[in-house]
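Student: I should like to understand how the descriptive terms used for this model are justified. May we take them in turn?

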Amino acid sequence: MKTIITTMVTLALLSSGVQAEDRYSGVNFIRGTVVSVGRVDPTEDIDTGFFVDANYSSVALNGGVATKKFGDSPLRPDSRDNFSEADGERVNNGYLGIGFSRLIQVQYGYGNHGDLMRYRSDFNFRSVMDFLSGTRTPKDRLTIGDRITFTIAIEQYLDDEEEIFDNATWGIGLLF
């Protein structure tokens, strides 16, 4: 785990010394922050919950914060298992990672239930079309429809005692 953190910090320090225009010339990805909301599906046998998160993605580096509420959905406030430690629990995490823009991200996270690994993908129609066509749409020319983003993530807690918080999330967001 220390190797992953050391690698991410080294990449961040090396990339900070290079001018952004030189670093990203010829890259057809839109960098930015995605603010997402959606559903949490925990591995524990409790009701689905909800999440809110913000995630910044560059070409290779990314990071973000998230909060999740397990077992309580605003649409269904009743729970299945009142005896689970995860039922009704709020989980807050911060993440740092590497990846291929917003399409494939591997992140190390830490929060109020320990450390975890997260695999995440944020995709929208405009980014996929820009990548396939080899063009780059300027950020100031994006419409609201171009900014709508779909988010999928899988989290696995590294401590065996916290594995009841392993989850998958999916939702919708907006690219800023």
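Tutor: Let us begin with pairing: two strands pair if DSSP finds at least two bridges between them. Please keep in mind that this is a predicted model.

Student: What makes β6 and β7 a pair?

Tutor: Strand β6, residues 114-123, is joined to β7 by 8 bridges. The requirement is at least two bridges, so the two strands count as paired. Their directions are antiparallel, and D122 has T151 of β7 as its bridge partner.

Student: How do you know that β7 also pairs with β8?

Tutor: The argument is repeated with another set of bridges. Between β7 and strand β8, which spans residues 167-175, there are 8 bridges in the antiparallel sense. Because at least two are needed, this too is a pair. Within it, I154 stands opposite A168.

Student: Which strand does β8 meet in the antiparallel pairing that has 9 bridges?

Tutor: That strand is β1. Again the threshold is at least two bridges, and therefore β1 and β8 pair. R39 stands opposite W170 of β8.

Student: Why is the sheet called a closed barrel?

Tutor: The 8 strands run β1-β2-β3-β4-β5-β6-β7-β8 with antiparallel pairing, and β1 is itself joined to β8 by bridges. From one strand to the next, the twist averages 25°.

Student: Where do these strands fall in the order of elements along the chain?

Tutor: From the N terminus on, the order is α-α-β-β-β-β-β-β-α-α-β-β, for a total of 4 helices and 8 strands.

Student: Why is T33 called partly exposed?

Tutor: Its relative accessibility is 27%. Buried would require under 20% and exposed over 50%, so T33 lies in between and counts as partly exposed. T33 belongs to strand β1, residues 32-42.

Student: Which residues is T33 in contact with, leaving aside its neighbours within four places in sequence?

Tutor: They are A54, N55, Y56, L174, L175 and F176. F176 is 143 residues away along the chain, yet the C-alpha atoms of T33 and F176 are separated by 5.2 Å.

Student: Which residues form the covered face of β7, and which the uncovered one?

Tutor: In β7, residues 148-157, the covered face consists of T149, T151, A153, E155 and Y157. The uncovered face consists of I148, F150, I152, I154 and Q156.

Student: What share of the 176 residues in the protein chain is buried?

Tutor: Buried residues make up 41% of them.

Conventions: Residues are numbered from 1 along each chain as its sequence is written. This is a predicted model: local features need pLDDT of at least 70, side-chain atom pairs count only at pLDDT 80 or more; totals for chains, interfaces and linings use all residues. Side-chain values use heavy atoms; hydrogens and water are left out. Buried means under 20% relative accessible area, exposed over 50%, partly exposed in between (1.4 Å probe, protein chains only). Contact means heavy atoms within 4.5 Å. Axes are lines fitted to C-alpha atoms, for helices over the stretch in contact, and angles run from 0 to 180 degrees between N-to-C directions.
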